[in-house]
Amino acid sequence: MSHPDPYGSTEPRGWDRPAPALPWPDTDLEPGPWRPAPAAPTHPTEPGGYARPGAAPDTYAAPDTYAAPDTYAGPDTYAGPYPNSGRRHDGPGRYDGPPAGDRGRPDGPERRGPWGEPARDDEYPTAQIAPVRDEPTDQIPAVRDEPEPEPPPGRRGRGRRRASAERPPTTTPTTSRAGRNLPAAIGVGVALGAAVVVPLFFFMPAFLAVLATAVGIGIWEMARAVRRSGAHPPLAPLVAGGVITVGLAWFAGPDALCLGLLVTVLGTMIWRLGDGPGNYQRDLTAATLIAVYVPFLAGFAAMLAAAPGDGHLRVLVTLVAVVLSDTGGYAAGVSFGKHPMAPTISPKKSWEGFAGSVTAAAAGSAVLLWVLFDVAPWWGALFGMAISVSAVLGDLAESMIKRDLGVKDMSNLLPGHGGLMDRLDSILFAVPVAYLLLAVFVPVVS
């Protein structure tokens with residue numbers, strides 16, 4: 001028994017049902033005879049490819065062929081969906097743009113849409129823009145140069161001051177090839193020499209006061225300079241300990257000098273505990289460097305001056321040897337310096353200058369020690385050479401410290417010299433060597 005059709009239809013199902021007729025002829029499903037392509041539209045056009053008003057729109061060319069709305073309107077023109085649709089073609093795929101003279105002209109031929117209908121102005125807003133015209137320039141007012149406002153009375157404008165008969169031009173201080181203001185450096189050097197030599201020969205306790213003052217200023221300059229690296233050594237215990245160290249060396253000799261250094265370092269450690277543990281090691285390291293570099297080395301100058309009978313002469317020959325070394329090195333370096341001695345530390349020092357330092361110090365010390373202490377000239381020359389080498393090393397050591405800290409001078413206390421430590425750097429390294437050599441060449445007589 002067969003079941004009835006659930007759809008209640010008497011038409012055949014599945015592939016038995018005939019296919020519906022299509023509303024258009026499909027060549028793939030129903031192949032037909034081949035027909036050539038339709039010719040160009042027959043509606044008339046104006047020159048330039050613009051359709052005349054009232055022209056019939058593009059229509060079907062055949063029942064089975066569809067002519068697209070964008071078709072050729074003539075042999076060389078193209079009627080497209082754009083305003084000014086007269087676009088020329090020289091062949092398939094090539095476009096030369098709209099005809100010359102009709103590109104965007106608001107007063108050109110009437111614009112039409114893709115189907116030949118008049119185009120609306122709201123669809124082409126550029127059509128409402130007025131053309132740019134050349135305006136005559138003689139109607140534009142000329143721009144006048146307004147005078148600059150004068151500065152108020154009593155104030156001078158920016159720039160250099162003008163010289164006049166009553167006011168000479170400002171001159172900058174001249175510097176030498178070594179980078180110093182030579183007149184100021186000579187004047188300050190003579191003043192420092194007088195401050196040392198006069199008390200040394202006329203009132204010895206005053207020399208101790210000058211030495212203690214120099215130590216205090218040197219400690220202050222060093223502590224101020226090392227702060228650029230982040231270290232903050234306590235200044236008060238360093239200055240107090242430095243003055244005590246020099247005094248102990250003056251009155252009690254080498255053992256007291258070492259004791260003064262130990263007391264200074266311990267006092268600095270205890271003082272620094274009050275600021276907490278932050279950066280304690282760095283601050284203590286900087287304080288120890290300052291205590292050894294300034295007061296400990298300066299204590300040898302105090303022991304030289306404290307020698308009974310000829311202490312002032314011992315200090316004098318040491319200072320003269322240092323001065324001769326600096327002067328000879330400066331003169332030789334400026335005149336003949338070509339080979340840098342330590343370019344990464346002190347670029348202005350040369351081997352020629354170093355040879356001049358050693359030669360000048362050796363010659364001067366040979367004569368001076370022979371005259372003052374009756375020492376053989378070759379021993380005096382050896383003394384001068386040793387002082388010169390130690391002075392140059394002291395200068396390089398301080399230059400290395402300054403370069404590490406990123407400073408040019410320790411301070412600007414002395415014109416033409418920088419800071420006091422810039423003058424004491426050579427002396428501080430020279431006095432221990434002088435104390436040792438003079439103790440051998442010229443034994444101390446009680």
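**Close-up 1. Two phenylalanines one turn apart in helix 5.** In this predicted model, Phe 296 and Phe 300 both belong to helix 5, which spans residues 280-305. They sit 4 residues apart, about one turn of the helix. Are these two side chains buried or exposed? Phe 296 has 17% relative accessibility, and because the cut-off for buried is under 20%, Phe 296 counts as buried. Phe 300 comes out at 16%, so Phe 300 is buried by that cut-off too.

**Close-up 2. How the rings of Phe 296 and Phe 300 meet.** As a quick reminder, a pair of aromatic rings is described by the distance of the centres and the angle of the planes. The model holds 5 aromatic pairs. One of them joins Phe 296 and Phe 300 in an edge-to-face arrangement, with 5.7 Å from centre to centre and 90° between the planes. Look for Tyr 435 as well: together with Phe 296 and Phe 300, Tyr 435 makes up one aromatic cluster.

**Close-up 3. Helix 6 packing against helix 8.** Here we turn to a pair of helices. Helix 6 (residues 311-336) and helix 8 (residues 377-405) pack at an angle of about 65°, and their axes are 9 Å apart. Their crossing is right-handed.

**Close-up 4. The side of each helix that takes part in the contact.** Which residues of helix 6 meet helix 8? They are Val 317, Thr 318, Ala 321, Val 322 and Ser 325. From helix 8, the partners are Phe 383, Ile 387, Ser 388, Ala 391 and Val 392. Sorted by character, the residues of this contact include 7 nonpolar and 3 polar ones, with no charged residue.

Methods
Residues numbered from 1 in each chain as written. Predicted model: local features only at pLDDT ≥ 70, side-chain atom pairs only at ≥ 80, totals over all residues. Heavy atoms only, no water. Axes fitted to C-alpha atoms, helices over the stretch in contact; angles between N-to-C directions. Left-handed = near helix turned anticlockwise from the far one by under 90°. Contact = heavy atoms within 4.5 Å. Nonpolar A, V, L, I, M, F, W, Y, C, P; charged D, E, K, R; others polar. Phe/Tyr/Trp six-rings, centres within 6.5 Å; stacked < 30°, edge-to-face > 60°. Buried < 20%, exposed > 50% of the residue type's maximum accessible area, 1.4 Å probe, protein only.
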